[in-house]
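Good morning, and thank you for the time at this meeting. Please look at the sequence and the structure together while I speak.

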Amino acid sequence: MKKIIISITFIISIVNIAVAQTNLQYYLEKGITNSATLKEYQNGILLSNLQNKIDYEENLGVKISLTADYLFAPYLNNNGNIVSTNPDAKAIGYDVGITNGGLYSALINIEKPFYLGSLQSVITGKNETAQKQNKFNYQFEKHNLSKDITEQYI
């Protein structure tokens with residue numbers, strides 16, 4: 001009985017070792033898939049592509065903006081009236097002749113860059129350099145990761 005238990009245990013351990021052993025390619029794929037550093041470099045590549053598109057769209061056309069301001073200037077101590085054309089002599093506030101009860105202003109801004117070509121080429125060059133650096137770092141880290149996993153496998 002003792003010999004049967006020992007031989008069954010031995011056979012099970014040999015089967016487990018044979019089944020548990022996987023090839024190097026499996027570990028390389030899992031290491032590359034689960035590497036946080038490689039994912040960070042991939043995100044950097046995508047971010048530089050997106051930033052290039054954003055910069056192009058921002059500098060492409062005319063920018064129009066509208067700014068408005070309103071200042072409500074009430075009178076205090078005006079016999080119960082907040083604003084009137086004839087404030088009481090004891091009223092505290094802005095002069096009716098100047099403000100008419102408030103100050104109003106509006107401003108329209110139109111902005112068009114003159115040297116769009118040179119500006120866009122500089123920005124695009126900066127983004128492409130960042131993208132190339134991220135691609136190089138990705139390949140370099142992938143190579144180092146493959147080397148480390150292979151050394152540990154051996």
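Which residues does Leu145 touch, if we leave out those up to four places away in sequence? They are Gly31, Ile32, Ser35 and Leu38. Please keep in mind that this is a predicted model.

One of these contacts takes us to the interior. Leu38 and Leu145 both belong to the largest nonpolar core, together with Leu28, Tyr138 and Ile149. That makes a core of five residues. Helix 5, residues 116–153, provides three of them, the largest share.

Leu38 also leads us to helix 3, which covers residues 36–60. How far apart should the ends of helix 3 be at 1.5 Å a residue? For its 25 residues the expected span is 36 Å, and the end C-alpha atoms are indeed 36 Å apart, so the two values agree.

Let us now consider which part of helix 3 is hidden. Its buried residues are Leu38, Gly44, Ile45, Ser48, Asn52, Asp55 and Asn59. Their cover includes helix 2, residues 24–34, and helix 5.

Asn127 shows this from the other side, since this residue lies in helix 5. Is Asn127 buried or exposed? Its relative accessible area is 6%, and the cut-off for buried is under 20%, so Asn127 is buried. Leaving out residues up to four places away in sequence, Asn127 touches Ser48, Gln51, Asn52 and Asp55. Ser48, Asn52 and Asp55 are also among the buried residues of helix 3.

A second asparagine deserves attention. Asn78 sits in the loop between strand 1 and helix 4, the latter being residues 96–99. With a relative accessibility of 4%, Asn78 counts as buried. How many residues separate Asn78 from Asp88 in sequence? The separation is 10 residues, and their C-alpha atoms are 5.4 Å apart in space.

Finally, I turn to the surface. Val62, Ile64, Leu66, Ile108 and Ile110 form a nonpolar patch there, and their accessible area together is about 570 Å². Strand 1, residues 63–72, and strand 2, residues 102–111, each contribute at least two residues to this patch. Ile64 serves as an example from strand 1. Its relative accessibility is 64%, and exposed means over 50%, so Ile64 counts as exposed.

To close, please compare two residues on your screens: Leu145 in the largest nonpolar core, and Ile64 in the nonpolar patch on the surface. Thank you for your attention.

Key: Residues are numbered from 1 along each chain as its sequence is written. This is a predicted model: local features need pLDDT of at least 70, side-chain atom pairs count only at pLDDT 80 or more; totals for chains, interfaces and linings use all residues. Side-chain values use heavy atoms; hydrogens and water are left out. Patches are made of residues with over 30% relative accessible area and no salt bridge: like charges are joined within 9 Å, nonpolar side chains (Val, Leu, Ile, Met, Phe, Trp, Tyr) within 5 Å. Accessible areas come from the Shrake-Rupley method with a 1.4 Å probe; for residues, only the protein chains shown count as cover. A salt bridge is a side-chain nitrogen of Lys or Arg within 4 Å of a carboxyl oxygen of Asp or Glu. Helices (H or I, at least four residues) and strands (E, at least two) are DSSP runs, numbered from the N terminus. Buried means under 20% relative accessible area, exposed over 50%, partly exposed in between (1.4 Å probe, protein chains only). A nonpolar core is a set of buried Ala, Val, Leu, Ile, Met, Phe, Trp, Tyr and Cys residues joined through side-chain atoms within 4.5 Å. Contact means heavy atoms within 4.5 Å. The expected span of a helix is 1.5 Å times one less than its number of residues.
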